[in-house]
Amino acid sequence: MLQGISNEAFVLGCSAIGAGIAMIAGLGPGIGQGIAAGKGAEAVGRQPEAQGDITRTMLLGQAVAETTGIYSLVIAIILLFVRPLLAGL
Amino acid sequence: MEVLIQIGGKEIFIPDTIVNVWFVAIVLIVFALVVNSKMKKAKLDEEPSNFQLILEVAVESIDNLVKTTMGEQNLGFAPYIFTLITFIMASNLSGLLGITAPTSDYSVTISLALITFVLSQYWNFKNSGGLLGYLKGYTEPMALLTPLNVIGDLANPISLSFRLFGNVMGGGIIMGLLYSALGYFAPIVTAPLHIYFDIFSGVLQSFIFTMLSMIFIGGKEA
């Protein structure tokens, strides 16, 4: 079944699959940011006068939580556009 | 708009993001010069113009941000923070003009992050009282954790630069895919996405970059 496929096409296809698998990491930051936003909404409900501070802290925390998702995005971009694995052929 | 320079048979390729950095920088420099000459002519006993009021609000809000995050004694960092947030915001918003956003090039974000990194290390060095105190800061709370502290410090510019780069680059890729997939009907769908990726995400990321810079610079002391 794999006989008609050149080495290059095989590496490219596997890189695309790898990029897709890498983006599964987007799950974690999504859940984490959702929890942070929920807690922020709770805090605003309890103390509406501190809304500015709460929003700022929440956004900062979400940005830090996002880091792992961004790493996976960068890896996916590198796999798709830089194609480092083709150099190993 | 790429530039190809030939010097003595060697070709130097300058990608369009770098040209856009110059574009944004020149626009900001001209704006700063205009503001400078206008503010020098402003009279204290007269009613301020709308333009002056807007600028005063901007400068004051950054001053307050620096005061609340870094403390009253670090107000000297406010010009750097203001420059940083203006440059990153202008870079991110330049995606609205149809040019590639300069911050979607990793070399731009890593240089911005390295400026903050060097500044934070210098400030840390200066405040910890000489080389010995600076090195001693890495053995806190115990000597066993020194490698962890060093890695934690080195990871700061990397995570800082990748965060900005990944956000802007990811938005740009999604917009590019939509534009190429939808053809002439693209503006119907992409207009709200421009609001999200360019305006909301761009302003938010510039704010977060400067916020984290302030924490990295001012967080070591106390």
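What share of the 222 residues in chain B is buried? Buried residues come to 25% of chain B. Some notes on the rest follow.

1. **Confidence.** This is a predicted model, with scores of ipTM 0.79 and pTM 0.85. Chain A has a mean pLDDT of 89, with 98% of its residues at 70 or more. For chain B the average is 87, and 98% of the residues score at least 70. Going element by element in chain A, helix 3 (residues 51-65) has the lowest mean pLDDT, 88, and helix 2 (residues 27-46) the highest, 94. In chain B, strand 1 (residues 3-7) sits at the bottom with a mean of 80, while helix 3 of chain B is at the top with 92. As a general caution, where pLDDT is low, the predicted coordinates should not be read in detail.

2. **Layout of chain B.** You'll find seven helices and two strands here. Reading from the N terminus, the order is β-β-α-α-α-α-α-α-α. The C-alpha trace of chain B spans about 60 × 55 × 45 Å along its principal axes. Take the contacts in chain B with a separation of 6 or more: 62% of them join residues 24 or more positions apart.

3. **The record for chain B.** UniProt (unreviewed entry) puts "transmembrane region" at residues 12-35, 77-100, 106-125, 164-189 and 195-217 of chain B. Two of these spans can be set against the model. Residues 12-35 of chain B are 83% helix and 12% strand, with end C-alpha atoms 36 Å apart. Residues 195-217 of chain B are 100% helix and 0% strand, and there the end C-alpha atoms lie 32 Å apart.

4. **The record for chain A.** The unreviewed UniProt entry gives "transmembrane region" for residues 9-31 and 68-86 of chain A. In the model, residues 9-31 of chain A are 83% helix and 0% strand, with 35 Å between the end C-alpha atoms. For residues 68-86 of chain A the helix content is 79% and the strand content 0%, with the end C-alpha atoms 26 Å apart. UniProt also lists "domain: V-ATPase proteolipid subunit C-like" (unreviewed entry) at residues 17-79 of chain A. That stretch of chain A is 86% helix and 0% strand, and its end C-alpha atoms are 9 Å apart.

5. **Helix 4 of chain A.** The geometry checks out: at 1.5 Å a residue, the 16 residues of helix 4 of chain A should span 22 Å, and the end C-alpha atoms are 21 Å apart, which agrees. Its buried residues are Gly69(A), Ile70(A), Ser72(A), Leu73(A), Ala76(A) and Leu79(A). They pack against helix 1 (7-22) and helix 2 of chain A, together with helix 6 of chain B. Just after helix 4 of chain A, Arg83(A) has a positive phi of about 55 degrees.

6. **Where the chains meet.** How many residues of chain B are in contact with chain A? The count is 10 residues of chain B against 10 residues of chain A. On the chain B side, helix 6 and helix 7 each supply at least two residues. Helix 6 of chain B has the largest share, seven residues. By class, that side of chain B has five nonpolar, four polar and one charged residues.

7. **The largest nonpolar core.** This core holds 32 residues, and Ile88(B) and Phe209(B) touch the most other members. Elements giving two or more residues are helix 4 (67-82) of chain A plus helix 2 (50-70), helix 3 (78-93), helix 4 (106-127), helix 6 (146-182) and helix 7 (186-218) of chain B. Helix 3 of chain B gives the most, with seven residues. Leaving aside neighbours within four places in sequence, Phe209(B) is in contact with Ile88(B), Leu160(B) and Leu164(B).

8. **Val189(B).** This residue belongs to helix 7 of chain B. Is Val189(B) buried or exposed? Val189(B) is exposed, because just 12 other C-beta atoms lie within 10 Å and the cut-off for exposed is 12 or fewer. Not counting residues up to four places away in sequence, Val189(B) touches Leu178(B) and Leu182(B). Val189(B) and Leu178(B) are 11 residues apart along the chain, with 8.3 Å between their C-alpha atoms.

Terms used. Residues are numbered from 1 along each chain as its sequence is written. Chains are lettered from A and ligands numbered from 1 in the order in which they are written. This is a predicted model: local features need pLDDT of at least 70, side-chain atom pairs count only at pLDDT 80 or more; totals for chains, interfaces and linings use all residues. A nonpolar core is a set of buried Ala, Val, Leu, Ile, Met, Phe, Trp, Tyr and Cys residues joined through C-beta atoms within 7 Å. A residue is buried if 20 or more other C-beta atoms lie within 10 Å of its own, exposed if 12 or fewer, and partly exposed in between; C-beta atoms are placed from the backbone. Helices (H or I, at least four residues) and strands (E, at least two) are DSSP runs, numbered from the N terminus. Two residues are in contact if their C-beta atoms, placed from the backbone, lie within 7 Å. pLDDT is the predictor's confidence in each residue, from 0 to 100. UniProt positions are given in the numbering used here, feature names are shortened, and annotations may be inferred rather than shown by experiment. Ala, Val, Leu, Ile, Met, Phe, Trp, Tyr, Cys and Pro count as nonpolar, Asp, Glu, Lys and Arg as charged, and the others, Gly among them, as polar. The expected span of a helix is 1.5 Å times one less than its number of residues.
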